Amino acid sequence: ESIEFRRRTDLLFGLMDQYLKNDVFSIQKSIVDHVEYTVARSRFRFDDFEAYQATAHSARDRLLESWNDTQQFFKDRNPKRVYYFSMEFLMGRSLLNSLSNLGIKDQYAQALKQLGFDLEVLAEQEIDAALGNGGLGRLAACFLDSFATLDLPAWGYGLRYQYGLFRQNIKDGFQLEQPDFWLNFGNPWEVERVHVSYSVKFYGRVDEEMRNGRSVHKWIPGEMVEAVAYDNPIPGYHTSNTINLRLWAAKPSGGFDMEAFNTGDYVNAILNKQKAEAISSILYPDDRSYQGKELRLKQQYFFVSASLQDIVRRYKDSHSNFEEFSNKVALHLNDTHPAIAVAELMRMLIDEEWLEWKEAWNIVTRVFSLTNHTIISESFEKWPVELMESLLPRHLQIIYEINRVFLEEAKKKVGSDFGRLARLSIVEEGSVKTIRMGNLAIVACHSINAVSQMHANYIKSTLLKDFCSIWPHKFQSKTNGVTQRRWLAFGNPALGDVITKWLGTEAWIKDLDIVAGLRQHASNPQLHAEWNQARYQNKMRLAQHIYNISGIRVSVDAMFDAQVKRIHEYKRQFLNLLSIIHRYDCIKNMAADERKRVVPRVCIFGGKAPPGYEFAKKIVKLVHAIGEKVNNDPEVGDLLKVIFIPDYNVSVAELIIPACDLSQHISTPGSEASGTGNMKFAMNGCLILGTLDGSNIEIRDEIGQENMFTFGVVVDDVPRLRTEHRNFQPPREFQRVLGMIRDGIFGFKDYFNALCDAVDGETGDYYLLGRDFLAYLEAQASVDTAFVDKEKWTEMSILSTAGSGKFSSDRAIREYAEQIWRVEPCKRPV
Ligand code: CR6
């Protein structure tokens, strides 16, 4: 046998033709082979899409080599690993990002060129992986990029949704939602691991029995579903590390429920099994409010249970007991969505690994940490006890016990302040008794972080006040960040080249603080010329896209002013629209020679409205209605254009962000936890018009008040202003523009009343649009003045980029790694 083994090993070594080669010829060969053997087309005839598929597979081969070696290296070294649990990963496209991170983009471009294809054109064939709603999911994706680039031993865990976030179609100016069949044409970036699968249990009952003097709980499930792993390799930049994002898909469980097949109801038995697949079928399309749907809790438990089984299995491969668990494992909850993990790990340790309660709790409280992404309490998920009892009966028992022990401890700190204890309790009493997942997570996690300094201060004095008073040490702030690789280096190569040239190094792609070096050249006319040339190219590209989708020609000399993000009342797209109407009204009432002084603007909107959110949907329609009127008014011409870019997603953002002069982040203070779009724009030399909310404040501190436009009420005044709305008389200008909407100047006369009522009706303008309107108009006027002074504007633009070093996700992840997870880089040697 050992001779046989030797012979096989020798054979395998001989077959190990070293690594795939990255010269142009080898790349061409691998692409053409994939055309023939993977895509199954003739190597003499294949179209752009097939060429994309073959190219993607060829890139994947290279990713897998690095992935395999990295995983093996982690296994050998066995460092402490961090596992990032998230219901959302908004990845976007992979081709250019992978090739660029692997450092082989130029070779691929050349290889394809000789074959008669353009890499950039092929890249457009890729469908975005849109497994997220907005900021939270995109943050998770940026974090993966930083994990890999910083050589951290990290894994992402989530769900492989069959349908990503809905596609936004526009018909007659109204949003129509369509399913996102992103997997229909296959997904070359994932590897299905049929052998990596776990059973996940639901429903049923819990039996209790005595064994060796100890009471033992046995969960007899009523349903079982298989979780099958799909691995997505995530390459780092200029490193040989490639990490893993493991997403779970639900498949019917074989072997279980065989009885059903004896009942004679064969067809229904099969249909029931299909229901299993529904668990990983859709992404819930809202990131701020929880809907209380059973399927959502099923999704959460499904991915958490499979992930924890996977992690415990990996740990047990090299350990015989749990003493080292918290030294080897850090588990991070991306918001409270995966918070059921706390109860699940307790259950596994107690019921399956036979640990005592105290031991298990000791482990749980050392491994878990949490990021909170919200300011509003409504988005803290709560599950009716009744639902929990039926779906996860054993977990409910465990949660009750955690709560009992916790409240006893809390009593020692707060005495018999029953109001406070009731607020701290994991269980909310009321007409419907519920489990507060936020409280469960806070009780179990050793660290809870906010996503900006302002967010931290704010929630410590509101949402988390009671917890903060008993455990102040648990709460901290980690300002969000974005990856400068996707968002600047690869997404805006024209500007990236200028930055590299003037800094004399490419090192900023891995260490963004270096861009501060641009400051010393900020007034250099040569840099100005190159800077504007790069930005001009990007504007041309966007103008072309706008023409393609709308038939509208916009002038690239106009200011491109964007507000692109999900549509929500608190983000105040309506405020922007009201100021556009005001601008239109002013232009109309001007004499011809006065019009010459107007600064031409292209106002760009993009964003999806949550499907059930009427207010947001009306905003989409209003943008179109205003555009219809303004864009076709010959008196206005190039002075004002209003454009809606449909189906905003990661790849559309990559087109818009490098091309804008101004970007608006104008939420009511105290409502945007952080914001990350602002960071992407600032990095790309786009000026920010913003309120003092979320990370705008830190951006201002970094790039300087004088290089940004801020306005409006401050957060501390917001609660008072809200209560005083009855005494507040909105300014004349505000009432005039609302009147124009109500009068039907933009058509659809009564349709927009609900929007107007929300800001001037009895309900009292909760988001304070009337309060901020004049200040906003003033800020807009200073934007115009600044734009006319080209030199000044360019300098501000350069200083924006120069001041954005802090907003790299590398900085954020380094802070998390050092201060929360205590994990260290584990770099695979080349
Ligand atoms: N909607 C916050 O609202 C923040 C991101 C990422 C959000 C936003 O301000 O930048 O998270 N919150 O931290 C949630 O999704 C709950 C978001 O994207």
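**Parallel pairing around β22**

In which sense do strand β19 and β22 pair, and over how many bridges? In this predicted model, strand β19 (residues 559-564) and β22 pair in the parallel sense, over two bridges. A562 stands opposite S663 in β22. On to the next partner. Strand β23 (residues 687-690) also pairs with β22 in the parallel sense, over four bridges. Here Q664 stands opposite L689 in β23. The chain gets from β22 to β23 through helix α26 (residues 677-683), and this β-α-β crossover is right-handed.

Is strand β22 (residues 662-665) covered on one face or on both? Both faces are covered. L662 and Q664 are buried on one side. S663 and H665 are buried on the other. A general rule lies behind this split: in a regular strand the side chains alternate between the two faces of the sheet.

**The chain as a whole**

The chain holds 33 helices and 24 strands. Its C-alpha atoms fill a box of roughly 95 × 75 × 60 Å, taken along the principal axes. A compact globule of 830 residues would have a radius of gyration near 28 Å; the chain has 28 Å, so the two agree.

Buried residues make up 48% of the 830 residues. Contacts can also be sorted by distance along the sequence. Among contacts with a separation of 6 or more, 76% join residues 24 or more positions apart.

**A three-stranded antiparallel sheet**

Three strands form an open sheet in the order β14-β16-β15, with antiparallel pairing. The edge strands are β14 (382-384) and β15 (427-428), and each pairs on one side only. β14 and strand β16 (residues 434-436) pair over three bridges in the antiparallel sense. One bridge links P384 to its partner T434 in β16.

A helix packs on this sheet. Helix α16 (residues 437-444) touches β14 and β16. The direction of α16 makes about 40 degrees with that of β16.

**β2 and β3**

Strand β2 (residues 89-92) is covered on both faces. F89 and M91 are buried on one side, L90 and G92 on the other. β2 pairs with strand β3 (residues 129-131) in the antiparallel sense, over three bridges. L90 stands opposite A130 in β3.

**Two helices and their surroundings**

Helix α11 (residues 341-352) has twelve residues, which should span 16 Å at 1.5 Å a residue. Its end C-alpha atoms are 15 Å apart, which agrees. α11 is mostly covered: nine of its twelve residues are buried. Those buried are A341, V342, A343, E344, L345, M346, R347, L349 and I350. Just after α11, W354 takes a positive phi of about 65 degrees.

In helix α17 (residues 453-461), the buried residues include M454, H455 and A456. Y458 and I459 are buried too. What do the buried residues of α17 pack against? They pack against two strands and a helix: β17 (447-450), β18 (475-477) and α27 (696-703).

**The loop between β21 and α25**

N649 sits in the loop between β21 (640-644) and α25 (650-656). Is N649 buried or exposed? N649 counts as buried because 23 other C-beta atoms lie within 10 Å, and the cut-off is 20 or more. Leaving aside neighbours within four places in sequence, N649 is in contact with D128 and A130. A130 also stands opposite L90 in the β2-β3 pair. N133 is 516 residues from N649 along the chain, yet their C-alpha atoms are separated by 9.3 Å.

D647 lies in the loop between β21 and α25 as well. D647 has 21 C-beta neighbours inside 10 Å, so it counts as buried.

**Positive phi at two loop residues**

Most residues other than glycine have a negative phi. D647 goes the other way: its phi is near 55 degrees, a positive value in a residue other than glycine. D151 is not a glycine either, and has a positive phi of about 60 degrees.

Where is D151 placed? D151 is in the loop between α7 (135-149) and β4 (154-159). With 18 C-beta neighbours inside 10 Å, D151 counts as partly exposed.

Technical notes:
Residues are numbered from 1 along each chain as its sequence is written. This is a predicted model: local features need pLDDT of at least 70, side-chain atom pairs count only at pLDDT 80 or more; totals for chains, interfaces and linings use all residues. Two strands pair if DSSP finds at least two bridges between them. Two residues are in contact if their C-beta atoms, placed from the backbone, lie within 7 Å. Axes are lines fitted to C-alpha atoms, for helices over the stretch in contact, and angles run from 0 to 180 degrees between N-to-C directions. A crossover is right-handed if, with the strands pointing away from the viewer, the path from the first strand over the helix to the second runs clockwise. The expected span of a helix is 1.5 Å times one less than its number of residues. The radius of gyration is taken over C-alpha atoms; the globule rule is 2.2 Å times the number of residues to the power 0.38.
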